[in-house]
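Biologist: I should like a close look at a single part of this model, namely the sheets of one chain. Please explain how the strands are ordered and paired, and what packs against them.

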Amino acid sequence: MTEQVASGRASPTDRVRRGRRVTAALALLLGCTCVISLSQGAAGTDLWPVLYATLTGGGVAQMDRIILLDIRLPRMFMAVLVGASLAVSGAVMQGLFRNPLADPGIVGVSAGAGLGAITAIVLGGLLPAVLLEFFGSSLIAIAAFLGAWGATIILYSVSTRRGQTSVATMLLAGIAIAALVGAMSGLLIYAADDAQLRSLTFWNLGSLAGATWTKLAAATPIMLAGIAAAPFLARGLNGMVLGEAAAMHMGIPVQRIKRIAVLSVAAATGAAVAVSGGIGFVGIVVPHLLRLATGPDHRTLLPNAALLGAALLLGADMISRSIVAPAELPIGIVTAVLGAPVFLYILLRRRGTMGV
Amino acid sequence: MQAHDIRVTIGRRDILHGICMQARAGELTAIVGPNGSGKSTLLKALTAEIDFVGQVELNGRALTDYRPWDLAACRGVLQQSLNVAFPFTVREIVQLGHGAGLSAADPDIPDRALSLVDLDGFANRFYHELSGGEQQRTQLARVLAQVWIEARTDTPRWLFLDEPVSSLDIGHQYVVMDLTRRFTQNGGGVIAVMHDLNLTAMYADHVVLMEAGEVLAAGTASETLTTDLLSRAYGCPVSVNTPAPAGVPFVLPQARARSNLAPAG
């Protein structure tokens, strides 16, 4: 008994407990970031007087109401959802590929989603009117989801042999997929007419600036479905850390877990790309920081990744809005500046073990 | 455990040509044979890790009739080498197996399993910082936590071990083999691919000697580990002595017959 105490029973239980404390702290952080992001902006409208006026029944200027309700609020939700989607799909993908470098943006999944979105914009008009009406503004998000799905399936089947994933093959296959998909996107853009080009450029610039309630309504269900699948994957992904065969011997339905993981990554990444363009590195930075803090257990990693991803993207959005105000820096630049060094750091640390 | 007419083809090569074997609960069944004879492939087929033709029954039920989690509750599998992708601690690795078994409700089992494989005090170390032998014992502790050695169940539980002592020093080889014996004494069945014929002779109740994808002989250690059969299987002259006290065979390749490895006690 004394020996068990001496061996420090504390730490791993601590990692679980610390994971829960971190969850609470991140929820608080996200709440604060939300409030700050609502009260800050180029127009100079302050949240508190408006809130006070609304609550006390006083008059609110039409202008302030529009800025808060139709510009800042949907943008805040968009940042939260996209950030959570990107971070969770990064964490799920890294679990699926058993590799901390797997990120939807790096290995071509986002590019696949982009191809889907571009296809929908350029060729969507060829669909029967009934279908167009049925899908409405969700068409781009659904097409992006399908594109991301296809890219993930190709990537997994190329880089995984007998349940073990080769890191080098995965990264190289990602480059190949991104190049191929880029070429196809280029072809579509070449074929696009003026009106389509305008909406393509608008989409391609991405960022969260274009957030509207309509866009949000179209993409939210898909993003939420991708995020909501994550908790059911946690135990399976933990088992797959030892490889697919070992996971199977521990009673994990490996094929089902893989299928759900791929779908969840495709849904979350696809919809996020559809509404915000390519925002990179969130999916690699967030899980990496959390693994350092609370360990690699997916049961704490996945929910924490959703919270931290949301807070991080909201923060990055505030930076992108304020640093060159009243103009805006594309948010992808901010996340890349934060994320690329982390990616390089992981790469350097794993240099010896990658077989390249 | 019954296996009937197991055939495995990898690529265009036939690895196993119709293996039939059985193993009983309460016994240690050792699979021995030269490199490339198909030992590990047979174990992978018996655990449904690879595709095969033929039938495998565990506790009277075809392997294909089990759902994954039911199978995990009644048998644990130790593979030869495992990379762990993320920085898990030793205890977290063992907990992965523990959570998959029938004894998952008892929170003390992971630490007790580590104690059994002589890894007291290692629980909070990182798995990837351990030596090869320590990693192998961690994985054994994980499998033991899954089909807990002391648990009493109506249907026997099974351990499938692929060279469980391959990276271990001689002291820990005995620690691990003693554990398998304890598991069989508690009613479980152990099927192990073995490399060391002396350990096999000391611990195995039933030996399956393989050669070139077929069963050359099966039976007790004294029946299978004979000069004639081993020389044929391994393609090199082997002499088998049977020392009087323990009554078990003692095997050394004849070409290097320097018998300074006599077992202590």
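Modeller: Two strands are taken to pair if DSSP finds at least two bridges between them. The model is a predicted one, and in it the criterion is met by strand β3 (residues 28-32) of chain B and strand β8 (residues 189-193) of chain B, which are joined by four bridges. These two strands run parallel. Within this pairing, Ile31(B) is found opposite Val193(B) in β8(B).

The pair belongs to an open sheet of six strands in chain B, whose order is β6-β7-β8-β3-β9-β10. The pairing in this sheet is mixed. The edges are formed by β6 (75-78) and β10 (214-219) of chain B. Each of these two has a single partner strand, so one side of each lacks a neighbour in the sheet. From one strand to the next, the twist averages 15 degrees. A helix also packs on this sheet: α5 (residues 132-146) of chain B touches β6 and β7 (158-162) of chain B. The direction of α5(B) makes about 170 degrees with that of β6(B).

Strand β7(B) deserves attention residue by residue. On one side, β7(B) pairs with β6(B) in the parallel sense over four bridges, and Val77(B) has Phe160(B) in β7(B) as its bridge partner. The pairing of β7(B) with β8(B) is also in the parallel sense, over five bridges. Here the bridge partner of Phe160(B) is Ile191(B) in β8(B). Phe160(B) therefore takes part in both of these pairings, given that pairing is defined through bridges.

What is the burial of β7(B)? Five of its five residues are buried, so β7(B) is largely enclosed by the rest of the structure. In a regular strand, side chains alternate between the two faces of the sheet. In β7(B), Trp158(B), Phe160(B) and Asp162(B) point one way, whereas Leu159(B) and Leu161(B) point the other way. The residues on both sides are buried, and Asp162(B) is one of them.

Chain B also holds an open sheet of four strands, in the order β2-β1-β4-β5 and with antiparallel pairing. Its edge strands are β2 (13-22) and β5 (61-62) of chain B, each of which pairs on one side only. At the β5(B) edge, strand β4 (residues 53-58) of chain B is joined to β5(B) by two bridges, and the two strands run antiparallel. Leu58(B) has Arg61(B) in β5(B) as its bridge partner. Helix α1(B) packs on this sheet and touches β1 (2-10), β2 and β4 of chain B. Its direction makes about 65 degrees with that of β2(B).

Helix α1 (residues 39-46) of chain B is itself largely enclosed by the rest of the structure, because seven of its eight residues are buried. Leu42(B), Leu43(B), Ala45(B) and Leu46(B) are among the buried residues, and so are Lys39(B), Ser40(B) and Thr41(B), under the cut-off of 20% relative accessible area.

Backbone geometry adds a further detail after this helix. Most residues other than glycine have a negative phi. Ala48(B), which follows α1(B), has a positive phi of about 60 degrees although it is not a glycine. Ala48(B) lies in the loop between α1 and β4 of chain B. With a relative accessible area of 31%, Ala48(B) is partly exposed.

A second residue of this kind precedes the helix on the six-stranded sheet. Asp118(B) has a positive phi of about 65 degrees, and it too is not a glycine. Asp118(B) is placed in the loop between α4 (109-116) and α5 of chain B. Its relative accessibility is 40%, so Asp118(B) counts as partly exposed.

One more strand of chain B may be noted. Val238(B) is found in strand β11 (residues 238-241) of chain B and counts as buried, at 9% relative accessibility. Val238(B) and Thr227(B) are separated by 11 residues in sequence, and their C-alpha atoms are 5.7 Å apart in space.

Note on methods. Residues are numbered from 1 along each chain as its sequence is written. Chains are lettered from A and ligands numbered from 1 in the order in which they are written. This is a predicted model: local features need pLDDT of at least 70, side-chain atom pairs count only at pLDDT 80 or more; totals for chains, interfaces and linings use all residues. Side-chain values use heavy atoms; hydrogens and water are left out. Buried means under 20% relative accessible area, exposed over 50%, partly exposed in between (1.4 Å probe, protein chains only). Contact means heavy atoms within 4.5 Å. Axes are lines fitted to C-alpha atoms, for helices over the stretch in contact, and angles run from 0 to 180 degrees between N-to-C directions.
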